[in-house]
Amino acid sequence: MSMLLLRLAARDLLAVNARRRLVPHLAARWVHFQRGESSDGERSAWARSLVSLAEDLVAAGRGNVEMIVECSPTVAATEGVAKNHGQIDVVLVGRHPVEGTLSVQLVELKQWSSVTRVEAATADLVYVPGEEKPFLHPAL
């Protein structure tokens with residue numbers, strides 16, 4: 001089953017957050033998709049990162065941009081079976097302000113204060129302070 005926790009314009013996400021309903025809604029949807037209870041860290045990340053991103057969009061005059069939160073896209077495989085290709089923190093969907101064409105941006109939200117590339121040649125992995133193993137680079 002594909003996952004999608006929330007789909008709202010940035011200004012509407014801020015309105016839901018102002019009513020203190022954002023994190024409880026996301027947590028309930030997380031359970032709905034059989035992910036179990038969301039951790040305190042996950043809830044905290046939602047509260048900080050999503051609200052910050054929405055505030056930045058509104059401040060930039062882009063409050064109508066849709067934020068599709070925590071979605072797991074599927075793409076057709078060669079055998080005709082859909083495959084899950086990971087989870088995207090936020091997909092921003094809107095219209096270019098001048099051209100009016102559809103504009104889509106994938107956003108990977110991280111709470112990391114710093115990272116170091118593991119291999120400069122490939123940059124596929126990054127080290128995060130306080131973590132033992134390297135992580136796949138968020139852009140991948």
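**Three helices, nine strands, two salt bridges**

H1 and H3 are oblique to each other. I'm starting there, and I'll show you where that comes from in a moment. One thing to keep in mind throughout: this is a predicted model.

Let's get the overall layout first. What is the protein built from? It has 3 helices and 9 strands. Reading from the N terminus, the order goes β-α-α-α-β-β-β-β-β-β-β-β. So you meet one strand, then three helices in a row, and then strands up to the end of that list, because that is how the elements run. The protein has 140 residues, and 30% of them count as buried. And if you take contacts between residues at least 6 apart in sequence, 43% of those join residues at least 24 apart.

Okay, back to the helices. H1 covers residues 10-18, and its axis comes within 8 Å of the axis of H3, crossing at roughly 130 degrees. Why do we call H1 and H3 oblique? Angles of 65 to 115 degrees count as roughly perpendicular and those over 145 as roughly antiparallel, and an angle of roughly 130 degrees falls in neither group, so the pair is oblique. As for handedness, this crossing is left-handed.

Which residues do the touching? On the H1 side we have Ala 10, Arg 11, Leu 13, Leu 14 and Asn 17, and on the H3 side Leu 50, Val 51, Ala 54, Glu 55, Leu 57 and Val 58. Sort the residues of that contact by class and you get 8 nonpolar, 1 polar and 2 charged.

Now the other helix pair. H2 is residues 22-32, H3 is residues 40-59, and they pack at about 125 degrees with their axes 10 Å apart. That angle makes H2 oblique to H3 as well. Left-handed or right-handed this time? H2 passes H3 in a right-handed crossing.

The residues from H2 are Leu 22, Val 23, Leu 26, Ala 27 and Trp 30, and they meet Glu 42, Arg 43, Trp 46, Ala 47, Leu 50 and Val 51 in H3. By class, that contact has 9 nonpolar residues, 2 charged ones and no polar ones. Try finding Leu 50 and Val 51 on your screen: in H3 they are among the residues that meet H2, and they also turn up among the H3 residues that meet H1.

Next up, charges. Side chains of opposite charge can pair when their charged atoms come close. How many salt bridges does a search of the whole structure find? It finds 2.

One of them joins the side chains of Arg 7 and Glu 66, at 2.7 Å from N to O. Arg 7 sits in strand S1, residues 4-9, and Glu 66 in strand S2, residues 66-71, so this salt bridge ties together parts that are 59 residues apart in sequence. Arg 7 counts as exposed because its relative accessibility is 54%. Glu 66, at 26%, counts as partly exposed.

The other salt bridge is between Glu 108 and Lys 110, and their closest N and O atoms are 2.9 Å apart. Glu 108 is partly exposed, with a relative accessible area of 32%. Lys 110 is partly exposed too, at 37%.

Now for a couple of backbone oddities. Arg 20 has a phi near 60 degrees, which is a positive value in a residue other than glycine. You'll find Arg 20 in the loop between H1 and H2. Glu 70 also has a positive phi, near 50 degrees, and again this isn't a glycine. Glu 70 is placed in strand S2. Buried or exposed? Arg 20 is exposed, with a relative accessible area of 73%, whereas Glu 70 counts as buried, at 5%.

Last stop, down the chain: Phe 135. It belongs to strand S9, residues 135-136. Its relative accessibility is 31%, so Phe 135 counts as partly exposed. What does Phe 135 touch, leaving out residues up to four places away in sequence? The list is Trp 112, Asp 124, Leu 125, Val 126 and Val 128. Take Leu 125 from that list: Phe 135 and Leu 125 are 10 residues apart along the chain, and their C-alpha atoms are separated by 5.4 Å.

That's my tour, so have a go at finding these residues yourself.

Definitions and conventions
Residues are numbered from 1 along each chain as its sequence is written. This is a predicted model: local features need pLDDT of at least 70, side-chain atom pairs count only at pLDDT 80 or more; totals for chains, interfaces and linings use all residues. Side-chain values use heavy atoms; hydrogens and water are left out. Axes are lines fitted to C-alpha atoms, for helices over the stretch in contact, and angles run from 0 to 180 degrees between N-to-C directions. Helices (H or I, at least four residues) and strands (E, at least two) are DSSP runs, numbered from the N terminus. Angles under 35 degrees count as roughly parallel, over 145 as roughly antiparallel, 65 to 115 as roughly perpendicular and the rest as oblique. A crossing is left-handed if the near helix is turned anticlockwise from the far one by less than a right angle, and right-handed if clockwise. Contact means heavy atoms within 4.5 Å. Ala, Val, Leu, Ile, Met, Phe, Trp, Tyr, Cys and Pro count as nonpolar, Asp, Glu, Lys and Arg as charged, and the others, Gly among them, as polar. A salt bridge is a side-chain nitrogen of Lys or Arg within 4 Å of a carboxyl oxygen of Asp or Glu. Buried means under 20% relative accessible area, exposed over 50%, partly exposed in between (1.4 Å probe, protein chains only).
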